[in-house]
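Q: I'd like a close look at one part of this protein, please. Keep it to a single element and what it packs against.

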Amino acid sequence: MTNTTFTPRVFSGMQPSGGLTLGNYLGALKRYVEMQDQGGFETIYCMVDLHAITTWQDPADLRAKTRELAAGYIAAGIDCEKSILINQSAVPEHAQLGWVFNCVARMGWMQRMTQFKDKAGKNAQNASLGLFAYPALMAADILIYHATHVPVGEDQKQHLELTRDIAAKFNHDYGVDFFPITEPVIEGVATRVMSLRDGSKKMSKSDPSDASRINMTDDADTIAKKIRKAKTDPDALPSEAKGLENRPEARNLVNIYAALGDMTVEQVLAEYGGAQFGTFKPALADLAVSKLAPISGEMARLMDDIPEIDRILARGAEQARKITAPILKKTYEIVGMVGA
Ligand code: AQP
(Lines give C-alpha, C1' and ligand atoms only; values in the text may rest on other atoms or scores of the structure.)
Protein backbone atom coordinates (compact mmCIF):
# COMPACT_ATOMS: atom_id res chain seq x y z
CA MET A 1 0.00 0.00 0.00
CA THR A 2 1.27 3.51 -0.71
CA ASN A 3 0.38 6.83 0.83
CA THR A 4 -1.85 7.54 -2.19
CA THR A 5 -4.34 5.17 -0.54
CA PHE A 6 -4.74 7.60 2.35
CA THR A 7 -6.74 10.82 2.42
CA PRO A 8 -4.24 13.69 2.05
CA ARG A 9 -4.28 14.99 5.59
CA VAL A 10 -2.07 17.46 7.44
CA PHE A 11 -1.47 17.33 11.18
CA SER A 12 0.85 19.48 13.26
CA GLY A 13 1.03 20.96 16.73
CA MET A 14 2.89 23.13 19.19
CA GLN A 15 3.41 22.98 22.91
CA PRO A 16 1.61 25.56 25.06
CA SER A 17 4.71 25.70 27.22
CA GLY A 18 5.36 29.38 26.64
CA GLY A 19 4.28 32.15 24.31
CA LEU A 20 4.50 31.82 20.53
CA THR A 21 7.81 32.98 19.10
CA LEU A 22 8.74 34.28 15.68
CA GLY A 23 10.51 30.91 15.19
CA ASN A 24 7.27 29.01 15.83
CA TYR A 25 5.43 31.37 13.49
CA LEU A 26 7.84 31.33 10.55
CA GLY A 27 8.97 27.71 10.93
CA ALA A 28 5.55 26.19 11.47
CA LEU A 29 2.43 28.29 11.93
CA LYS A 30 2.76 30.28 8.70
CA ARG A 31 3.08 26.97 6.84
CA TYR A 32 0.00 25.61 8.64
CA VAL A 33 -2.04 28.47 7.23
CA GLU A 34 -0.58 28.08 3.74
CA MET A 35 -1.34 24.35 3.69
CA GLN A 36 -4.87 25.02 4.93
CA ASP A 37 -5.46 27.63 2.24
CA GLN A 38 -3.82 25.86 -0.70
CA GLY A 39 -6.53 23.18 -0.61
CA GLY A 40 -6.12 19.50 -1.37
CA PHE A 41 -5.62 18.55 2.29
CA GLU A 42 -7.73 18.07 5.36
CA THR A 43 -5.91 20.07 8.03
CA ILE A 44 -5.81 19.40 11.76
CA TYR A 45 -3.86 21.64 14.14
CA CYS A 46 -3.25 21.02 17.80
CA MET A 47 -2.05 22.48 21.06
CA VAL A 48 -0.02 19.58 22.47
CA ASP A 49 -0.63 20.11 26.17
CA LEU A 50 0.25 16.49 27.04
CA HIS A 51 3.68 17.17 25.58
CA ALA A 52 3.98 20.42 27.52
CA ILE A 53 3.76 18.61 30.89
CA THR A 54 6.85 16.53 30.09
CA THR A 55 8.54 19.49 31.79
CA TRP A 56 6.98 21.24 34.80
CA GLN A 57 4.05 23.52 34.01
CA ASP A 58 2.13 25.56 36.52
CA PRO A 59 -1.52 24.41 36.01
CA ALA A 60 -3.07 27.89 35.79
CA ASP A 61 -0.30 28.98 33.45
CA LEU A 62 -0.79 25.93 31.24
CA ARG A 63 -4.51 26.66 30.89
CA ALA A 64 -3.76 30.29 29.99
CA LYS A 65 -0.99 29.38 27.53
CA THR A 66 -3.16 26.76 25.83
CA ARG A 67 -5.90 29.31 25.18
CA GLU A 68 -3.34 31.91 24.14
CA LEU A 69 -1.84 29.47 21.65
CA ALA A 70 -5.32 28.73 20.26
CA ALA A 71 -5.82 32.49 19.88
CA GLY A 72 -2.43 32.72 18.14
CA TYR A 73 -3.38 30.01 15.64
CA ILE A 74 -6.67 31.71 14.81
CA ALA A 75 -5.14 35.19 14.67
CA ALA A 76 -2.46 33.95 12.28
CA GLY A 77 -5.12 32.60 9.92
CA ILE A 78 -6.24 29.14 11.04
CA ASP A 79 -9.90 29.11 10.05
CA CYS A 80 -12.02 26.70 12.05
CA GLU A 81 -14.39 26.31 9.11
CA LYS A 82 -11.48 24.92 7.06
CA SER A 83 -9.30 23.25 9.72
CA ILE A 84 -9.93 21.24 12.86
CA LEU A 85 -8.38 22.96 15.88
CA ILE A 86 -7.94 20.89 19.02
CA ASN A 87 -6.29 20.62 22.37
CA GLN A 88 -4.47 17.27 22.54
CA SER A 89 -5.78 16.14 25.94
CA ALA A 90 -9.38 16.64 24.78
CA VAL A 91 -8.93 13.86 22.23
CA PRO A 92 -7.99 10.85 24.39
CA GLU A 93 -7.09 8.63 21.43
CA HIS A 94 -3.76 10.50 21.14
CA ALA A 95 -2.59 9.17 24.51
CA GLN A 96 -4.15 5.75 23.94
CA LEU A 97 -2.31 5.23 20.67
CA GLY A 98 0.76 6.73 22.35
CA TRP A 99 0.80 3.79 24.74
CA VAL A 100 0.67 1.29 21.88
CA PHE A 101 3.57 3.12 20.25
CA ASN A 102 5.55 3.04 23.51
CA CYS A 103 5.44 -0.70 23.00
CA VAL A 104 6.47 -0.48 19.33
CA ALA A 105 9.34 2.02 19.66
CA ARG A 106 12.69 0.63 20.84
CA MET A 107 14.77 2.05 23.69
CA GLY A 108 17.74 2.39 21.35
CA TRP A 109 15.71 4.55 18.95
CA MET A 110 14.62 6.87 21.74
CA GLN A 111 18.12 7.14 23.17
CA ARG A 112 19.30 8.61 19.88
CA MET A 113 16.84 11.54 20.01
CA THR A 114 18.85 14.73 20.21
CA GLN A 115 15.94 16.80 21.55
CA PHE A 116 15.79 14.61 24.66
CA LYS A 117 19.53 15.05 25.15
CA ASP A 118 19.21 18.83 24.68
CA LYS A 119 16.21 19.24 26.96
CA ALA A 120 17.30 16.79 29.66
CA GLY A 121 20.78 18.30 29.66
CA LYS A 122 23.30 16.95 32.12
CA ASN A 123 20.58 15.85 34.51
CA ALA A 124 18.98 13.10 32.37
CA GLN A 125 18.34 10.85 35.39
CA ASN A 126 16.05 13.51 36.75
CA ALA A 127 14.14 14.10 33.50
CA SER A 128 10.57 12.81 33.33
CA LEU A 129 9.80 9.49 31.68
CA GLY A 130 7.35 11.48 29.55
CA LEU A 131 10.17 13.60 28.12
CA PHE A 132 11.95 10.42 27.04
CA ALA A 133 8.77 8.95 25.50
CA TYR A 134 7.82 12.29 23.87
CA PRO A 135 8.56 11.20 20.28
CA ALA A 136 6.33 8.10 20.56
CA LEU A 137 3.41 10.29 21.64
CA MET A 138 4.24 12.67 18.80
CA ALA A 139 4.05 9.73 16.38
CA ALA A 140 0.64 8.90 17.85
CA ASP A 141 -0.54 12.51 17.44
CA ILE A 142 0.19 12.25 13.75
CA LEU A 143 -0.81 8.67 13.02
CA ILE A 144 -4.09 8.72 14.99
CA TYR A 145 -5.27 10.82 12.02
CA HIS A 146 -3.45 8.74 9.38
CA ALA A 147 -1.87 12.11 8.56
CA THR A 148 0.16 12.05 5.36
CA HIS A 149 1.95 15.40 5.75
CA VAL A 150 3.39 17.22 8.78
CA PRO A 151 4.67 20.81 8.49
CA VAL A 152 7.39 21.42 11.09
CA GLY A 153 10.63 23.31 11.64
CA GLU A 154 14.02 21.70 11.02
CA ASP A 155 14.41 20.73 14.71
CA GLN A 156 11.60 18.18 14.39
CA LYS A 157 13.15 16.27 11.47
CA GLN A 158 14.51 13.47 13.65
CA HIS A 159 11.15 13.01 15.40
CA LEU A 160 9.43 12.74 12.03
CA GLU A 161 11.90 10.06 10.96
CA LEU A 162 11.05 8.18 14.14
CA THR A 163 7.34 8.51 13.33
CA ARG A 164 8.01 6.84 9.99
CA ASP A 165 10.01 4.09 11.72
CA ILE A 166 7.22 3.44 14.21
CA ALA A 167 4.59 3.25 11.43
CA ALA A 168 6.77 0.89 9.40
CA LYS A 169 7.54 -1.36 12.38
CA PHE A 170 3.87 -1.53 13.42
CA ASN A 171 2.83 -2.39 9.86
CA HIS A 172 5.59 -5.00 9.60
CA ASP A 173 5.09 -6.60 13.04
CA TYR A 174 1.35 -7.02 12.56
CA GLY A 175 1.50 -7.76 8.83
CA VAL A 176 -0.74 -4.84 7.90
CA ASP A 177 -0.57 -1.68 5.81
CA PHE A 178 -2.48 0.34 8.34
CA PHE A 179 -0.40 3.43 9.11
CA PRO A 180 0.88 5.77 6.39
CA ILE A 181 4.56 6.64 6.12
CA THR A 182 4.17 10.35 6.80
CA GLU A 183 6.01 13.02 4.80
CA PRO A 184 7.66 15.83 6.77
CA VAL A 185 7.12 19.26 5.21
CA ILE A 186 10.19 21.31 6.12
CA GLU A 187 10.23 24.11 3.58
CA GLY A 188 11.13 27.74 3.16
CA VAL A 189 13.90 30.06 4.31
CA ALA A 190 12.94 30.02 7.98
CA THR A 191 12.88 26.35 8.94
CA ARG A 192 15.41 27.17 11.66
CA VAL A 193 15.14 30.69 13.04
CA MET A 194 18.07 31.34 15.35
CA SER A 195 18.36 33.20 18.65
CA LEU A 196 18.87 36.96 18.30
CA ARG A 197 21.66 36.73 20.88
CA ASP A 198 23.51 33.67 19.53
CA GLY A 199 23.41 32.63 15.87
CA SER A 200 24.31 29.04 16.75
CA LYS A 201 21.25 28.48 18.97
CA LYS A 202 17.64 27.97 17.90
CA MET A 203 15.18 30.73 18.84
CA SER A 204 13.15 29.07 21.55
CA LYS A 205 10.22 29.95 23.78
CA SER A 206 11.97 28.44 26.79
CA ASP A 207 15.27 30.32 26.38
CA PRO A 208 15.82 32.15 29.68
CA SER A 209 16.77 35.32 27.78
CA ASP A 210 13.71 37.17 26.48
CA ALA A 211 16.03 39.24 24.28
CA SER A 212 16.89 36.06 22.35
CA ARG A 213 13.47 35.85 20.74
CA ILE A 214 10.62 37.88 19.34
CA ASN A 215 7.37 36.90 21.01
CA MET A 216 4.20 37.19 18.96
CA THR A 217 2.78 39.32 21.78
CA ASP A 218 5.69 41.81 21.82
CA ASP A 219 4.67 45.39 21.05
CA ALA A 220 6.23 47.45 18.25
CA ASP A 221 8.81 49.15 20.50
CA THR A 222 9.94 45.86 22.01
CA ILE A 223 10.30 44.25 18.57
CA ALA A 224 12.32 47.22 17.30
CA LYS A 225 14.52 47.21 20.40
CA LYS A 226 15.22 43.46 20.22
CA ILE A 227 16.14 43.70 16.54
CA ARG A 228 18.33 46.78 17.16
CA LYS A 229 20.18 44.87 19.88
CA ALA A 230 20.41 41.61 17.93
CA LYS A 231 23.95 40.28 17.75
CA THR A 232 25.62 40.89 14.37
CA ASP A 233 29.09 41.24 12.93
CA PRO A 234 30.59 44.59 11.85
CA ASP A 235 30.51 43.94 8.07
CA ALA A 236 27.99 45.20 5.52
CA LEU A 237 25.49 42.75 4.02
CA PRO A 238 26.81 40.86 0.98
CA SER A 239 25.15 41.02 -2.43
CA GLU A 240 24.96 37.24 -2.78
CA ALA A 241 23.80 34.41 -0.49
CA LYS A 242 27.27 32.84 -0.60
CA GLY A 243 28.56 35.86 1.31
CA LEU A 244 26.42 34.85 4.32
CA GLU A 245 28.41 31.67 4.87
CA ASN A 246 30.12 31.73 8.28
CA ARG A 247 28.01 34.74 9.26
CA PRO A 248 25.25 32.99 11.22
CA GLU A 249 23.76 36.12 12.80
CA ALA A 250 23.66 38.03 9.51
CA ARG A 251 22.18 35.03 7.72
CA ASN A 252 19.53 34.67 10.41
CA LEU A 253 18.34 38.29 10.07
CA VAL A 254 18.29 38.03 6.28
CA ASN A 255 16.33 34.77 6.46
CA ILE A 256 13.83 36.36 8.84
CA TYR A 257 13.40 39.30 6.48
CA ALA A 258 12.91 36.97 3.51
CA ALA A 259 10.37 34.80 5.34
CA LEU A 260 8.37 37.76 6.64
CA GLY A 261 8.40 39.47 3.25
CA ASP A 262 7.66 36.27 1.25
CA MET A 263 10.91 36.86 -0.63
CA THR A 264 13.96 34.80 -1.47
CA VAL A 265 17.30 35.50 0.22
CA GLU A 266 18.59 36.63 -3.19
CA GLN A 267 15.80 39.21 -3.48
CA VAL A 268 16.61 40.58 -0.02
CA LEU A 269 20.29 40.85 -0.86
CA ALA A 270 19.55 42.47 -4.21
CA GLU A 271 17.86 45.23 -2.18
CA TYR A 272 20.21 45.42 0.81
CA GLY A 273 23.58 44.12 -0.45
CA GLY A 274 26.23 46.62 0.70
CA ALA A 275 23.98 48.05 3.45
CA GLN A 276 25.20 48.26 7.03
CA PHE A 277 23.12 46.79 9.85
CA GLY A 278 22.34 50.35 10.90
CA THR A 279 20.19 50.51 7.76
CA PHE A 280 19.00 46.91 7.57
CA LYS A 281 17.88 46.47 11.17
CA PRO A 282 15.33 49.33 11.15
CA ALA A 283 13.96 48.02 7.83
CA LEU A 284 13.63 44.55 9.35
CA ALA A 285 11.97 45.98 12.46
CA ASP A 286 9.42 47.88 10.32
CA LEU A 287 8.65 44.74 8.31
CA ALA A 288 8.34 42.60 11.45
CA VAL A 289 6.01 45.09 13.13
CA SER A 290 3.85 45.41 10.00
CA LYS A 291 3.44 41.62 9.77
CA LEU A 292 3.17 40.77 13.47
CA ALA A 293 1.12 43.68 14.88
CA PRO A 294 -2.14 42.60 13.18
CA ILE A 295 -1.65 39.07 14.56
CA SER A 296 -0.90 40.18 18.11
CA GLY A 297 -3.81 42.66 17.97
CA GLU A 298 -6.19 39.92 16.90
CA MET A 299 -4.78 37.57 19.56
CA ALA A 300 -5.52 40.14 22.25
CA ARG A 301 -9.07 40.57 20.93
CA LEU A 302 -9.67 36.80 20.93
CA MET A 303 -8.25 36.45 24.45
CA ASP A 304 -11.01 38.77 25.67
CA ASP A 305 -13.53 36.02 24.95
CA ILE A 306 -12.22 32.83 26.57
CA PRO A 307 -15.63 31.07 26.46
CA GLU A 308 -15.57 31.43 22.66
CA ILE A 309 -12.08 29.89 22.48
CA ASP A 310 -13.28 27.02 24.65
CA ARG A 311 -16.33 26.54 22.38
CA ILE A 312 -14.08 26.40 19.31
CA LEU A 313 -11.85 23.79 20.98
CA ALA A 314 -14.82 21.69 22.12
CA ARG A 315 -16.16 21.65 18.59
CA GLY A 316 -12.72 20.75 17.24
CA ALA A 317 -12.43 17.82 19.66
CA GLU A 318 -15.81 16.52 18.56
CA GLN A 319 -14.81 16.71 14.89
CA ALA A 320 -11.43 15.14 15.58
CA ARG A 321 -12.86 12.16 17.45
CA LYS A 322 -14.88 11.20 14.36
CA ILE A 323 -11.48 10.46 12.77
CA THR A 324 -9.52 9.21 15.78
CA ALA A 325 -12.05 6.84 17.41
CA PRO A 326 -12.33 4.46 14.42
CA ILE A 327 -8.54 4.49 13.88
CA LEU A 328 -7.91 3.62 17.55
CA LYS A 329 -10.59 0.89 17.46
CA LYS A 330 -9.01 -0.68 14.39
CA THR A 331 -5.53 -0.41 15.96
CA TYR A 332 -6.75 -2.23 19.09
CA GLU A 333 -8.32 -4.94 16.91
CA ILE A 334 -5.06 -5.39 15.00
CA VAL A 335 -3.09 -5.60 18.25
CA GLY A 336 -5.50 -8.16 19.75
CA MET A 337 -7.37 -6.21 22.40
CA VAL A 338 -10.70 -7.82 23.36
CA GLY A 339 -13.77 -5.56 23.38
CA ALA A 340 -12.11 -2.83 21.35
N1 AQP B 1 13.51 28.55 15.99
C2 AQP B 1 12.66 27.89 15.22
N3 AQP B 1 12.72 27.99 13.88
C4 AQP B 1 11.84 27.32 13.09
N5 AQP B 1 10.87 26.53 13.58
C6 AQP B 1 10.78 26.41 14.91
N7 AQP B 1 9.95 25.71 15.71
C8 AQP B 1 10.27 25.93 17.00
N9 AQP B 1 11.31 26.75 17.07
C10 AQP B 1 11.66 27.07 15.80
C11 AQP B 1 8.85 24.89 15.21
O12 AQP B 1 7.68 25.26 15.95
C13 AQP B 1 6.87 24.12 16.12
C14 AQP B 1 6.44 24.01 17.57
O15 AQP B 1 7.43 23.56 18.40
P16 AQP B 1 7.10 23.00 19.85
O17 AQP B 1 6.17 23.89 20.55
O18 AQP B 1 6.71 21.59 19.78
O19 AQP B 1 8.46 23.05 20.58
P20 AQP B 1 9.88 23.26 20.12
O21 AQP B 1 10.17 22.76 18.76
O22 AQP B 1 10.74 22.70 21.19
O23 AQP B 1 9.85 24.84 20.08
P24 AQP B 1 10.49 25.83 21.09
O25 AQP B 1 9.96 27.20 20.81
O26 AQP B 1 11.96 25.67 21.07
O27 AQP B 1 9.89 25.36 22.47
P28 AQP B 1 10.63 24.96 23.76
O29 AQP B 1 11.45 26.13 24.14
O30 AQP B 1 9.51 24.68 24.74
O31 AQP B 1 11.44 23.75 23.48
C32 AQP B 1 7.66 22.92 15.62
O33 AQP B 1 7.20 22.60 14.32
C34 AQP B 1 9.06 23.42 15.57
O35 AQP B 1 9.82 22.78 14.57
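What follows is a walk along helix 3 and its two contacts.

A: Quick caveat before we start: this is a predicted model, where local features need pLDDT of at least 70 and side-chain atom pairs count only at pLDDT 80 or more, while totals for chains, interfaces and linings use all residues. Numbering runs from 1 along each chain as its sequence is written, and side-chain values use heavy atoms, with hydrogens and water left out.

Find residues 59-76, and you have helix 3 (helices are DSSP runs of H or I, at least four residues, numbered from the N terminus). Start with helix 12, residues 277-303. The two axes come within 8 Å and cross at roughly 130° (axes are lines fitted to C-alpha atoms over the stretch in contact, with angles from 0 to 180 degrees between N-to-C directions). Helix 3 and helix 12 are therefore oblique to each other (under 35 degrees is roughly parallel, over 145 roughly antiparallel, 65 to 115 roughly perpendicular, the rest oblique). Their crossing is right-handed (the near helix is turned clockwise from the far one by less than a right angle).

Who's touching whom? On the helix 3 side, it's Ala64, Arg67, Glu68, Ala71, Gly72, Ile74, Ala75 and Ala76 (contact means heavy atoms within 4.5 Å). Helix 12 answers with Ile295, Glu298, Met299, Leu302 and Met303. Sort that contact by class and you get nine nonpolar, one polar and three charged residues (Ala, Val, Leu, Ile, Met, Phe, Trp, Tyr, Cys and Pro count as nonpolar, Asp, Glu, Lys and Arg as charged, and the others, Gly among them, as polar). Glu68 and Arg67 from helix 3 are among the contact residues here, and Glu298 joins in from helix 12.

Now swing over to helix 13, residues 306-335. Its axis and that of helix 3 come within 10 Å and cross at roughly 80°, which makes helix 3 roughly perpendicular to helix 13. Helix 3 brings Arg67, Ala70, Ala71 and Ile74 to this contact, while Ile306, Ile309, Asp310, Ile312 and Leu313 come from helix 13. By class, that's seven nonpolar, no polar and two charged residues.

Put the two lists side by side: Arg67, Ala71 and Ile74 of helix 3 turn up in the contact with helix 12 and again in the one with helix 13. Ala70 appears in the helix 13 list, and Gly72, Ala75 and Ala76 are among the residues helix 3 gives to helix 12.
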